[in-house]
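Here are a few exercises on charged pairs and nonpolar packing to work through with the model open beside you. Try each task before reading its solution.

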Amino acid sequence: MPPRKTPSTEVLLDVLRALPPGQKLWVRGVGGGLFPLLRAGDSVRVLRCGPDETARGDVVLVRQGRMLTAQVVVATQPWSTAPLLGAEQREDGELLGRAVALRRGRWLLPLPRPLGPALWVTQWTLASAWAQPRTRLVYRGVRDFFFSNWSRPLRRHLVGPLEIRLLRAGDLDALVTFASERLVVSASFLRRQLRERWGLEPTERRGAAAGALDSKGRLHGFAWVDSYRQEGLPLDGVWVRSLVVAPQARRMGVATQLLECLLEESHRQGEPSVQADVDEDNAASLKTFEGLGFRLATEALTRRTNEAWDAAGRSKRLVVLERASAR
Ligand SMILES: CC(C)(COP(=O)(O)OP(=O)(O)OC[C@H]1O[C@@H](n2cnc3c(N)ncnc32)[C@H](O)[C@@H]1OP(=O)(O)O)[C@@H](O)C(=O)NCCC(=O)NCCS
């Protein structure tokens with residue numbers, strides 16, 4: 001389920017290239033290279049500059065192939081960058097600018113130049129540690145425990161009861177807050193969809209969004225189903241998009257219930273089937289869809305979907321799944 005930003009990557013690239021030196025721009029959804037400092041929905045403020053104006057330890061936005069990604073400058077002779085946790089240094093990135101601030105939801109973190117050496121040492125230490133198989137083993141052990149069935153009672157207690165239902169116009173604030181932390185979809189897109197399609201009365205509703213809400217109305221999980229054509233992709237039918245469950249609420253059946261809710265609504269709207277496209281290495285997501293009876297789509301549809309996303313600037317292979325909307 002590729003993030004919706006992808007079709008506009010080329011546009012963003014043109015805007016950044018046209019930006020005069022010294023000008024700044026907020027860019028969202030490029031934080032993968034700075035994990036765990038940045039998450040999917042976080043933003044970086046980019047100052048347009050050339051490689052000779054960067055130093056070791058600067059966070060920069062680069063184009064690598066068709067991807068825009070934030071990286072740390074690890075050497076200037078030759079100029080090369082690496083992800084915060086990665087040992088693989090690359091010299092082939094096109095520099096688009098230096099990050100001068102990071103933003104997550106309401107939190108703003110300035111990145112002043114004197115922080116550079118500290119960040120470079122951090123990158124070096126993390127990358128060296130990450131290169132050790134034992135570190136990765138410990139990390140996976142901790143992560144697996146956190147998301148496992150063992151920790152589920154504790155997490156269930158902390159999260160409290162969740163209501164899974166279709167989202168309405170009044171859920172906009174909760175949705176925008178959740179999206180700003182966990183999705184790369186823009187708030188304006190969600191606002192428009194909720195107002196003009198998903199949040200309407202049943203007779204007028206087109207597509208739908210489902211959420212998992214706690215007793216205070218906060219979202220812990222979200223997904224929507226809608227046509228790809230309205231986003232400009234030449235693919236028929238309705239597709240599940242942006243399925244995300246917050247880490248504390250995972251392995252509690254939330255994604256399964258969100259999908260059941262969307263399948264039921266799609267059936268009510270007369271859609272015979274529902275499609276999904278999932279990164280081929282996303283085992284958790286593939287298992288979730290398979291558990292609900294989604295099966296591999298035809299080779300022709302899989303090829304068309306991958307071609308459509310390739311043309312939109314994405315290169316990772318997608319597995320395409322489908323299921324009848326009726327039980
Ligand atoms: C994928 C994701 C949405 C699953 O959400 P979830 O609420 O934890 O899923 P469910 O609890 O409904 O899990 C359903 C089944 O899927 C499988 N599954 C889910 N997460 C798994 C994991 N991390 N490891 C192994 N199996 C997993 C299990 O079989 C699970 O059933 P079980 O817990 O009874 O064994 C969630 O992990 C997530 O948000 N991931 C990050 C975003 C993402 O990748 N989204 C999908 C984009 S296509």
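**Exercise 1: A pair within one helix**

Arg 268 has a relative accessibility of 43%, which makes this residue partly exposed. The model you are looking at is predicted.

Task: Which residue forms a salt bridge with Arg 268, and is that partner buried or exposed?

Solution.
- Step 1: Look for the closest N and O atoms. Those of Arg 268 and Glu 265 are 2.8 Å apart, and the two residues form a salt bridge.
- Step 2: Check the cut-off. A salt bridge needs the nitrogen within 4 Å of the carboxyl oxygen, so a distance of 2.8 Å qualifies.
- Step 3: Place both residues. They sit three residues apart in helix α7 (residues 254-268), which means that about one helical turn separates Arg 268 from Glu 265.
- Step 4: Classify the partner. Buried means under 20% relative accessible area, and Glu 265 is at 6%, so Glu 265 counts as buried.

**Exercise 2: Two further pairs**

Task: How many residues apart are Arg 317 and Glu 280, and how exposed is each residue of the pair Arg 229 and Asp 236?

Solution.
- Step 1: Start with Arg 317 and Glu 280, whose side chains meet in a salt bridge with an N to O distance of 3.5 Å. This pair links distant parts of the chain, 37 residues apart: Arg 317 lies in the loop between α9 (299-311) and β14 (318-324), and Glu 280 in the loop between β12 (273-279) and α8 (283-291).
- Step 2: Add accessibility. Arg 317 is partly exposed at 42%, and Glu 280 is partly exposed at 45%.
- Step 3: Turn to Arg 229 and Asp 236, joined by a salt bridge of 2.8 Å, N to O. Arg 229 is partly exposed at 47%, whereas Asp 236 has a relative accessible area of 53% and is exposed.
- Step 4: Widen the view. The count comes to 14 salt bridges, and a network of salt bridges links Arg 17, Arg 63 and Glu 94.

**Exercise 3: The nonpolar core**

Task: Which element gives the most residues to the largest nonpolar core, and what does Leu 321 contact?

Solution.
- Step 1: Find the core. The largest one has 29 residues, and those with the most contacts inside it include Leu 243, Leu 262 and Leu 321.
- Step 2: List the contributors. Elements giving two or more residues include β9 (208-213), β10 (219-227) and β11 (238-245). With seven residues, α7 gives the most.
- Step 3: Follow Leu 321. Beyond neighbours within four places in sequence, its contacts include Val 274, Phe 289 and Phe 294.

Technical notes:
Residues numbered from 1 in each chain as written. Predicted model: local features only at pLDDT ≥ 70, side-chain atom pairs only at ≥ 80, totals over all residues. Heavy atoms only, no water. Buried < 20%, exposed > 50% of the residue type's maximum accessible area, 1.4 Å probe, protein only. Helix = DSSP H or I, 4+ residues; strand = E, 2+ residues; numbered from the N terminus. Core = buried A, V, L, I, M, F, W, Y, C linked by side-chain atoms within 4.5 Å. Contact = heavy atoms within 4.5 Å.
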